[in-house]
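Me: I'm new to this structure and would love a close look at a single part of it. Could you walk me through the loop that joins the helices and what surrounds it?

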Amino acid sequence: VMDASLAEKVVRKWQTAKAQALGHSHNTRHLGTILEGPMLQQWETRAEDVASHGWAWEYQLNALSIDNINIVSEDRVFVETTLTELAVLKDK
C-alpha cells in the first residue's frame, strides 16, 4: 500500500537515478528501475545528450514533501510532490 513514507522513498530513488544519469558518471542503468516507456526513453536520450557534450549536472535535494497520493489501480499511483533542489551544470 502506497503511503507518504513509501512515496517519499520512490521520489528520492528517482532523484538519485536522475542525478546519476545526468551526473559525472552518466550512469543510466537505474533509470529503468523507476521509469518506463516513453519517459524512460526521454531521460535516456537526455542523459546521452548531456554526456555527448561533456557536461554533467550536480544535484542537491534541499526539501521534499508529499502533497497528495492518488491510488488509481493496483499497479498505478499518482504522487504529487513539492521539492526544492539545486542543480548546477558543469562543463568538463
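Reply: Happy to help; here is a walk through that loop and its surroundings. Please keep in mind that this is a predicted model.

Let's start with Asn-27, which lies in the loop between H1 and H2. Is Asn-27 buried or exposed? Its relative accessibility is 17%, and buried means under 20%, so Asn-27 counts as buried. Leaving out residues up to four places away in sequence, Asn-27 touches Ala-17, Gln-20 and Ala-21. The side chain of Asn-27 also reaches towards the backbone, coming to 3.1 Å from the nitrogen of Arg-29.

Two of those neighbours lead us to the next stop. Ala-17 and Ala-21 belong to the largest nonpolar core, a group of 10 residues. The other members are Trp-14, Leu-22, Leu-31, Leu-35, Leu-40, Trp-43, Ala-47 and Val-50. Helix H1, residues 4-22, and helix H2, residues 37-52, each provide at least two residues of this core. As a general pattern, nonpolar side chains in soluble globular proteins tend to be buried together.

Leu-40 is a good core member to look at next. Setting aside neighbours within four places in sequence, Leu-40 is in contact with Leu-31, Gly-32 and Leu-35. Of these, Leu-31 and Leu-35 are listed in the core as well.

To place this part in its wider setting, look also at the strands. S1 covers residues 55-73 and S2 residues 76-91, and the two pair in the antiparallel sense over 16 bridges. They form a hairpin with 2 residues between them, and Ser-73 has Arg-76 in S2 as its bridge partner.

Conventions. Residues numbered from 1 in each chain as written. Predicted model: local features only at pLDDT ≥ 70, side-chain atom pairs only at ≥ 80, totals over all residues. Heavy atoms only, no water. Core = buried A, V, L, I, M, F, W, Y, C linked by side-chain atoms within 4.5 Å. Buried < 20%, exposed > 50% of the residue type's maximum accessible area, 1.4 Å probe, protein only. Helix = DSSP H or I, 4+ residues; strand = E, 2+ residues; numbered from the N terminus. Contact = heavy atoms within 4.5 Å. Pairing = 2+ DSSP bridges. Polar contact = N/O pair within 3.5 Å; in protein donor to acceptor, adjacent residues only side chain to side chain.
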